[in-house]
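Visitor: I am new to reading structures and would like to learn how the labels are earned. Could you walk me through some of the reasoning?

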Amino acid sequence: MKVYLKNLNEKIKESSISVVPFFVIIMALYLIFLPFNVWAFLGVILATIFMIFGMALFNIGVDMSTMKMGGYVGSHLSKSRKFTFMIVLSFILGFIVTIAEPDLMVLAEQVPGISSKWIILITVSCGTGVFLILSTIRTLFRLSIRTMLMISYMLALILCIFAPVNFLPLAFDTIGVTTGAVSVPFIMAFGLGICAVRSGKQNQDDGFGLIALASIGPVIAILIVSFFIKGDASSGTETAQMVSNISQLGESIGKGVLSYLREVVVVIIPVFVFFLIYNYIFLKLPKTSLIRIFIGLVYTYLGLVIFLTGVSVGYLPTADVLGRAIASPSTKWLLIPIALVVGFCLVFAEPAVHVLNKQVEDITEGVISKKTMLIGMSIGVAIAMLIIIFRALFDIDFMYIVTPLVLIMVVLSIFTPDLFEGIAFDSGGVAAGSLTASFVLPFVVGVCSRLGVDPMLYGFGSIAIVAILPTIVIQIMGIRYQCFVGKSKKSSRKAKKSDITIIDFE
């Protein structure tokens, strides 16, 4: 029991360090731009406490359960050597961990122009499943992640030429929402489990990239299905209301908890049931291991419920109201510096980011530290937020932004080292997580509404931009790292030559 409490205490400290900077910025913006309301102010404080405690529980649970399950399944699957079985199972896994992602549900419910949100949910989940198959094939046969990503993104751009324009931002937003708090650790562990039973120097490189390929699949799936969907993916926006008294605050928290208790259990149960069936047929793990995994899932479940409740109750309505307030004619240019600061601190508070960074540090044996990854991703998201605000301020078409960014990614991938390539694309997916869907998107929608531009065309697509920019930054880091290693090798060779003493006999 003491071990669990000590671990929880450490995770709470880590979560506090991550979330508090973001909280301070939001509080400062609130006090400057919004009329003070003690209950709304208290709601944001309670939401921050929820986020800190929820993230701590989530991180403990992921280590105990989701990572273990993905690793066990991936390792056994690779050992089985049954190709057809691996293909079918990869699709099932991709579908299960995607269709119930809370972030995806939030996005699907914001597109009323579609006849049913299940069209979006099933299409996106199938896209993830198909591309997780490609990811598995890539890992097994050691195919180039660079080539597969280049082909996938170029295919997406070609489809954009023919797809209905209102679907383009929505399609690219699925890059971020499909790589959520549950799917990221499971898919990563699944890929690393496959690599763990192989031998060779490329195992380290092949462990990354599954998230990247799995997240581009939904984009292509939505673009293809958009030709057949009856609807225009358009939406109106309602002004968010912040709480103004204690009864509204209590009601908001209660509704949030009850809502996410239902939604998150839909995420957890299919994954755990699948693992139990797989274990019963193939793994035969001891009961102690299963009990530990179950306890970890309880931690994960409670952590996600608490975290998402905090985000939705305190930060989502605040984001919309702040966006509308700051975008007023007298202060709209302040959006530029504010976007940079918010973007830089946003990454620190994303749960899935810390999972990825820990995996990167472990698999590279400290060559790429968590701190380095975190700073690189923060810079990327800060630049992304700047581009998002410029897009709203100057009515810039989404494709004028995403096309050059994708082409830059493709060009950089030619020069990026293999290990950094997979990490770079994975980092983009996890950077656009729960806070991006629940704070950045409503903030930008609020800005668009105040500026009088269509939120569907100029607000949606923000998640995609947040997902792409960290990829480019990590690619540049990889190229710089390769140049540094090359210079070090040259200098060491010169040093060895200079150490040779030439003796001249007369």
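Visitor: In which helix do Tyr278 and Phe282 lie, and how many residues apart are they?

Guide: Welcome! Please keep in mind that this is a predicted model. Tyr278 and Phe282 both belong to helix 11, which covers residues 246–283. They are four residues apart, about one turn of the helix.

Visitor: What makes Tyr278 and Phe282 an aromatic pair, and why is the pair called tilted?

Guide: Rings pair if their centres lie within 6.5 Å, and the count by this rule comes to 18 aromatic pairs. For Tyr278 and Phe282 the distance is 4.9 Å centre to centre, with 50 degrees between the planes. Stacked needs planes under 30 degrees apart and edge-to-face needs over 60, so a pair at 50 degrees is called tilted.

Visitor: How do you know whether Tyr278 and Phe282 are buried or exposed?

Guide: Buried means under 20% relative accessible area, and exposed means over 50%. Tyr278 has 3%, so Tyr278 is buried. Phe282 has 31%, which falls between the two cut-offs, so Phe282 is partly exposed.

Visitor: What makes Lys284 a charge over a ring?

Guide: The lysine NZ has to be within 6 Å of the ring centre, and within 35 degrees of the ring normal. Lys284 lies over the face of Tyr280, at 5.3 Å from the ring centre. Lys284 is placed in the loop between helix 11 and helix 12. With a relative accessible area of 56%, over the 50% cut-off, Lys284 is exposed.

Visitor: Why is the phi of Lys284 worth pointing out?

Guide: Most residues other than glycine have a negative phi. Lys284 is not a glycine, yet its phi is positive, about 60 degrees. Arg142 is another example, with a positive phi near 55 degrees. Arg142 is in the loop between helix 5 and helix 6, and its 35% relative accessibility makes Arg142 partly exposed.

Visitor: How do you know how the span of helix 12 fits the expected value?

Guide: Helix 12, residues 287–326, has 40 residues. From its first C-alpha to its last it reaches 56 Å, close to the 58 Å expected at 1.5 Å a residue. Helix 12 also has a kink of about 35 degrees at Tyr315, shortly before the proline Pro317. Tyr315 belongs to a cluster as well, linked by ring pairs with Phe22, Phe439 and Phe443.

Visitor: Why is helix 12 called largely enclosed?

Guide: Of its 40 residues, 29 are buried, so helix 12 is largely enclosed by the rest of the structure. The reasoning also works for helix 17, residues 418–431: 13 of its 14 residues are buried, so helix 17 is largely enclosed too.

Visitor: What makes Thr174 buried, and which residues is Thr174 in contact with?

Guide: Thr174, found in helix 7, has a relative accessible area of 0%, and since that is under 20%, Thr174 is buried. Leaving aside neighbours within four places in sequence, its contacts are Leu107, Val124, Ser215, Pro218, Val219 and Ile222.

Visitor: How many disulfides does the structure hold?

Guide: The structure holds zero disulfides. To count as one, a pair of cysteine sulfur atoms would have to be within 2.5 Å. Cysteines can still be sorted by accessibility: Cys126, at 28%, is partly exposed, whereas Cys160, at 7%, is buried.

Key
Residues numbered from 1 in each chain as written. Predicted model: local features only at pLDDT ≥ 70, side-chain atom pairs only at ≥ 80, totals over all residues. Heavy atoms only, no water. Buried < 20%, exposed > 50% of the residue type's maximum accessible area, 1.4 Å probe, protein only. Helix = DSSP H or I, 4+ residues; strand = E, 2+ residues; numbered from the N terminus. Expected span 1.5 Å × (residues − 1). Bend = angle between axes of the 7 residues up to and from the residue. Phe/Tyr/Trp six-rings, centres within 6.5 Å; stacked < 30°, edge-to-face > 60°. Contact = heavy atoms within 4.5 Å.
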